[in-house]
Amino acid sequence: MSLDLFMRLNTLACSLVLLMGIAILWRNSLPAYIDSFARQSMFFVMGILTVAVYTRAWELYLVAFMVFALKVVFIPRLLHRARKQVGADIEIRPFVNTPASVLLAGILTLLAYAVAQPIVALSDLPTRGSIPLAFAVIFVGLFITASRRSALTQIVGFLVMENGIALLAVLATYGVPLIVELGVFLDVLLGFLVMQVFLYRIRGTFGTIDVDGMRKLRH
Amino acid sequence: MLLILPLTGALVSLLNPRQRLTGLIGAVLAGAEFVLCLEISRECLTRHVPAYGSGAFLRADALSAVIALIVSGVAWISIWFGVEYMNHARSAGHIDDSGIRRYYVLTHLFVFTMLLAVTANNVGVMWVATEATTIATALLIGLQHSKSSLEASWKYILIGSVGIALAFIGTVLGYFNFFEHVGATDFALNWTVLSQVAPKLNGDVLRLCFVFILIGYGTKAGLAPMYTWLPDAHSEAPAPISSMMSGSLLVVALYSILRWKVVVDARLGGAYSSRMMVVIGAFSVAVAALLLIRQASYKRMLAYSSVEHVGLMCLGFGLGAGGAFAALLHMLGHAAAKSLMFLLSGSILAKYRSTRISSVRNLIGIMPWSGCLFFIGGLALLGMPPFSLFLSEFMILLAGFRSRQPWLMGFILMLLLVIFVSVLGYLNRILHGKPPENVAVGDLNRGGLLALSLNVAALVTVGLMYPPPLVQLLRQAAEIVQR
């Protein structure tokens with residue numbers, strides 16, 4: 001794969017990852033959130049594959065496979081099942097409304113470019129141009145977690161953030177050492193499963209997954 | 001070898017249906033872990049750093065040894081106390097058999113992850129272990145399925161995971177920095193390797209890296225303004241878990257920050273990281289002082305006290321070598337005192353069936369031994385002599401004056417005074433007054449009280465006699481943090 005082709009494909013994949021993240025902000029149905037996350041993970045896998053092909057690193061193929069299995073297949077399936085069992089379909093009245101959210105996403109992307117500047121300056125990898133995009137995904141994920149009412153959307157926001165961080169690792173250092181990669185994979189899996197358990201419990205105890213109802217503990 | 005023990009404990013708890021036996025085995029194992037940590041400390045004192053595995057995968061230098069001591073010590077006392085406490089909870093119907101089994105399994109796993117975090121050489125593995133502690137403790141907080149504990153554990157796992165994710169960004173940036181200068185090697189994330197290479201790393205990226213590390217791990221440590229999960233989580237968790245979280249988990253998170261501080265300082269000099277830690281530490285103490293003024297629940301009061309003390313520790317680490325030593329001493333003292341208080345709060349809850357300070361009166365009369373210990377623990381937390389916290393707080397202030405920050409130290413002193421007045425008021429209300437009706441007189445959990453007397457003994461011994469081996473170990477650890 002030529003350098004030029006690699007850079008273009010990689011940038012395309014990363015931009016689509018960011019786009020899917022922002023897509024979550026302008027839609028307001030929970031099935032759409034889960035699907036956007038699944039698509040985002042798919043584009044992320046493609047991004048990893050471009051790097052894997054270019055650098056001929058076998059570990060990255062393994063990582064791509066793990067991310068695919070976990071974030072494109074397993075987690076979205078569980079999320080959809082949880083969504084149907086909990087019976088939540090629409091995000092009603094998020095803490096920040098849709099136009100403001102999308103605008104803020106734009107500002108966060110600019111912020112990402114500012115924050116990533118020293119990193120891009122230092123790096124000499126061909127993927128460095130997309131590093132700010134990874135940061136933007138992280139910030140957008142954070143924003144989703146903080147501004148949405150439904151516990152399920154908060155989980156999705158956290159997963160988007162994790163995608164962004166993993167993307168950063170791939171872009172900046174062609175992935176972290178394998179043992180750390182495995183550990184992170186396990187952590188995300190376990191963390192997600194535990195959050196799922198809590199999601200069911202919240203539904204069972206409060207009758208809704210609207211986190212605004214959980215305000216009993218105050219100071 | 002140390003790590004096998006808590007894993008065995010978890011396995012035993014999983015397989016053994018007999019609750020009483022499981023609890024006792026757990027307490028014994030925890031005691032053995034503590035003894036092993038003492039052994040590791042002894043080895044460190046002889047200047048030999050125990051390491052294990054290829055490329056020193058597990059490595060325990062003086063700093064690890066100190067934290068491991070704290071973790072295993074608090075775990076031992078808490079598990080010991082927890083045996084009777086959980087039995088009581090089960091007979092009172094608060095929790096069922098499967099809940100108790102989950103408690104034991106998760107507690108041992110929790111200890112395992114904490115010990116792994118402090119003995120791992122690889123900062124990536126350290127990260128993985130820290131995230132694992134979040135998962136284990138989130139399940140433990142929500143052990144008793146009540147509305148408030150569910151809210152607390154949800155907030156905890158969400159905020160905790162976000163914080164840990166930020167810490168991972170910092171880790172990736174650190175690795176990236178290394179990668180740019182040295183290339184990908186197998187042991188790149190070993191912090192021993194990182195600190196050696198540090199002077200050659202890029203300063204700007206390292207600055208950014210430390211910001212993410214401080215905010216990320218600081219979230220787990222309970223520093224302001226990321227502490228919001230702490231009062232909920234520590235007050236809703238069962239007493240032995242709160243004591244372990246306040247006593248050791250917060251300290252483990254600080255440890256992670258310290259490991260990175262060493263790397264960053266090697267390149268940027270101490271000023272950058274110290275300044276940030278001083279600011280965040282002081283801010284945490286201020287927030288805690290303000291929020292302690294009006295507290296309705298004694299468990300939340302203890303939780304905010306943890307925020308205060310962690311703030312003091314963070315402050316100490318930013319104040320030079322003397323401050324680092326004092327902060328380490330403070331970690332020890334706080335672990336002993338806070339675990340004592342949280343475990344006793346469990347007894348109080350079991351006896352008075354309320355978490356409100358207004359409902360708890362005349363503790364001295366109703367539970368004489370517990371009340372006495374509670375009073376002692378409260379005094380210790382307030383920094384009274386002859387307990388070690390007095391020494392460590394004094395030393396932190398001294399270090400502050402030595403670093404030419406008299407105004408800041410004056411501010412801290414004032415905050416400590418505010419906290420003193422607030423907490424003393426709460427203590428007074430809890431210990432004295434007219435006893436409420438339909439509360440039976442008599443101490444609960446005599447066996448556990450024996451464990452707590454060890455805490456008091458530790459506080460007094462360190463505070464009064466300042467044992468040389470301990471001081472030597474702390475000094476070595478402080479040297480690692482602040483060259």
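This passage walks through a predicted model of two chains, A and B, starting with each chain on its own and ending with the place where they touch.

Chain A is an all-helix affair in its secondary structure, with seven helices and zero strands. Going along the sequence, the pattern reads α-α-α-α-α-α-α. The radius of gyration of chain A is 18 Å, and the globule rule gives 17 Å for 219 residues; the two values are close, so chain A is as compact as a globular protein of that length. Laid out along its principal axes, the C-alpha trace of chain A spans about 55 × 35 × 30 Å. Of the 219 residues in chain A, 48% are buried. As for who touches whom, take the contacts in chain A with a separation of 6 or more: 74% of them join residues that sit 24 or more positions apart.

One helix pair in chain A is worth a look. Helix α1 (residues 3-26) and helix α4 (residues 98-122) of chain A pack with their axes 8 Å apart, at an angle of about 155°. An angle over 145 degrees counts as roughly antiparallel, and that is why α1(A) and α4(A) are described as roughly antiparallel to each other. The crossing of α1(A) past α4(A) is right-handed. On the α1(A) side, the residues that meet α4(A) are A:I22, A:L25 and A:W26, while α4(A) brings A:T98, A:S101, A:V102 and A:A105. Sorted by class, this contact of α1(A) with α4(A) holds five nonpolar residues, two polar ones and no charged ones.

Chain A also has a residue with a backbone angle to notice. A:R56 is not a glycine, yet its phi is positive, near 55°. This arginine lies in the loop between α2 (30-55) and α3 (58-86) of chain A. There are 9 C-beta neighbours inside 10 Å of A:R56, and with the cut-off for exposed at 12 or fewer, A:R56 therefore counts as exposed.

Chain B mixes its elements a little, with 19 helices and two strands. Its radius of gyration is 21 Å, close to the 23 Å that the globule rule gives for 483 residues, so chain B is as compact as a globular protein of that length. The C-alpha trace of chain B spans about 70 × 55 × 40 Å along its principal axes. Buried residues account for 62% of the 483 residues in chain B. Among the contacts in chain B with a separation of 6 or more, 81% are between residues 24 or more positions apart.

A helix pair can be picked out in chain B too. Helix α5 (residues 123-141) and helix α10 (residues 239-268) of chain B cross at roughly 160°, and their axes come within 11 Å. With that angle, α5(B) and α10(B) are therefore roughly antiparallel to each other. Here α5(B) passes α10(B) in a left-handed crossing. From α5(B), the contact residues are B:V123, B:M126, B:T130, B:T133, B:T137, B:L140 and B:I141; from α10(B), they are B:I241, B:M245, B:L249, B:V252, B:A253, B:S256 and B:R259. The contact of α5(B) with α10(B) breaks down into nine nonpolar, four polar and one charged residues.

Two loop residues of chain B round out the picture of this chain. B:R353, in the loop between α13 (320-352) and α14 (363-366), has a positive phi of about 55° although it is not a glycine. It has 12 C-beta neighbours inside 10 Å, so B:R353 counts as exposed. B:V441 is found in the loop between α17 (406-431) and α18 (446-465) of chain B, and with 11 C-beta neighbours inside 10 Å it counts as exposed. Between B:V441 and B:V71 there are 34 Å in space, C-alpha to C-alpha, and the two are 370 residues apart in sequence.

Finally, the two chains meet: 37 residues of chain A are in contact with 39 residues of chain B. On the side of chain A that touches chain B, α4, α5 (131-147), α6 (151-173) and α7 (178-206) of chain A each supply at least two residues. The most comes from α7(A), which gives 14 residues to that side. By class, the chain A residues that touch chain B split into 25 nonpolar, eight polar and four charged.

How values were computed. Residues numbered from 1 in each chain as written. Chains lettered and ligands numbered in written order. Predicted model: local features only at pLDDT ≥ 70, side-chain atom pairs only at ≥ 80, totals over all residues. Axes fitted to C-alpha atoms, helices over the stretch in contact; angles between N-to-C directions. Helix = DSSP H or I, 4+ residues; strand = E, 2+ residues; numbered from the N terminus. Parallel < 35°, antiparallel > 145°, perpendicular 65-115°, else oblique. Left-handed = near helix turned anticlockwise from the far one by under 90°. Contact = placed C-beta atoms within 7 Å. Nonpolar A, V, L, I, M, F, W, Y, C, P; charged D, E, K, R; others polar. Rg over C-alpha atoms; globule rule 2.2 N^0.38 Å. Buried ≥ 20, exposed ≤ 12 C-beta atoms within 10 Å, placed from the backbone.
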